[in-house]
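Grab your viewer and try a few short exercises. Each one comes with a worked solution, so have a go before you read on.

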Amino acid sequence: MDRDEENLGEELYSLLAELLNRKMNRTVQDSIRGEYGTLHYLTYIKDGTTPGELTRHLHVVPGRMTDILSSLEYKGLIERKKNTQDKRKTEVRITEKGRAEAQKKRGAIRKEYAGMFKILGKEDTMELIRLLRIVLAYDSEQN
């Protein structure tokens, strides 16, 4: 690796760290793996799923998922019910109140990023998304 590549790597690392540590992104990141991530999954991907499936999808440990589900249930945003065919399994279902909360949070996230999209414009935003997909697909252990 020559000096320029080394400097590029350091600059990329610094910029990504700064981006990820911005308050806006920390808030979104925390919510994606927490209550909002659960509500989002149940609203837009699959309602009536198991706690295990939610745990895998959100990349959290089972104990964390138990806490999330207990909190959401206490707030009336989800219901946990025994599966009618297999009483050993629990299904997690979103309530209308939970669906409304997911839509409200989704709107807040859109609003949070609207300023960035306004600065970048549609073409650059699409290019950023394209590049981020490439970065996310990169696996340093395979290279």
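**Exercise 1.** How do the axes of H3 and helix H5 (residues 62-74) cross, and within what distance do they come?

*Solution.* Keep in mind that this is a predicted model. Start with the axes: those of H3 and H5 come within 10 Å and cross at roughly 75°. Next, classify the angle: 65 to 115 degrees counts as roughly perpendicular, so H3 is roughly perpendicular to H5. Now pick out the residues that touch. From H3 you should find Glu35, Thr38 and Leu39, and they meet Met65, Ile68, Leu69, Ser71 and Leu72 of H5. Finally, sort this contact by type: 5 residues are nonpolar, 2 polar and 1 charged.

**Exercise 2.** Work out how H3 (residues 35-45) and H4 are arranged, and which residues make the contact.

*Solution.* Axes again: H3 and H4 come within 11 Å of each other, with a crossing angle of roughly 110°. That angle falls in the 65 to 115 window, and therefore this pair is roughly perpendicular too. On the H3 side, the contact uses Gly37, Thr38, Tyr41, Leu42 and Ile45, while H4 brings in Glu53, Leu54, His57 and Leu58. Sorting these residues gives 5 nonpolar, 3 polar and 1 charged.

**Exercise 3.** Is threonine 55 buried or exposed, and what does threonine 55 touch?

*Solution.* First locate threonine 55: it sits in helix H4, residues 51-58. Its relative accessibility is 12%, and the cut-off for buried is under 20%, so threonine 55 counts as buried. Then look at the side chain: one of its polar atoms lies 2.9 Å from the backbone oxygen of proline 51. Leaving out residues up to four places away in sequence, threonine 55 touches Val60, Val61, Pro62 and Met65.

**Exercise 4.** Now do the same for glutamine 85: buried or exposed?

*Solution.* Glutamine 85 lies in the loop between strand E1 (78-82) and strand E2 (90-94). With a relative accessible area of 72%, against a cut-off of over 50%, glutamine 85 is exposed. Its side chain also has a partner: a polar contact of 3.3 Å joins it to the side chain of threonine 84.

**Exercise 5.** Which element of the protein chain has the lowest mean pLDDT, and which the highest?

*Solution.* Begin with the whole chain: the mean pLDDT is 84, and 88% of the residues reach 70 or more. Then go element by element: helix H2 (residues 23-32) is lowest with a mean of 62, and E2 is highest with 95. As a reading rule, predicted coordinates should not be read in detail where pLDDT is low.

Technical notes:
Residues numbered from 1 in each chain as written. Predicted model: local features only at pLDDT ≥ 70, side-chain atom pairs only at ≥ 80, totals over all residues. Heavy atoms only, no water. Helix = DSSP H or I, 4+ residues; strand = E, 2+ residues; numbered from the N terminus. Buried < 20%, exposed > 50% of the residue type's maximum accessible area, 1.4 Å probe, protein only. Polar contact = N/O pair within 3.5 Å; in protein donor to acceptor, adjacent residues only side chain to side chain. Contact = heavy atoms within 4.5 Å. Axes fitted to C-alpha atoms, helices over the stretch in contact; angles between N-to-C directions. Parallel < 35°, antiparallel > 145°, perpendicular 65-115°, else oblique. Nonpolar A, V, L, I, M, F, W, Y, C, P; charged D, E, K, R; others polar. pLDDT = per-residue confidence, 0-100.
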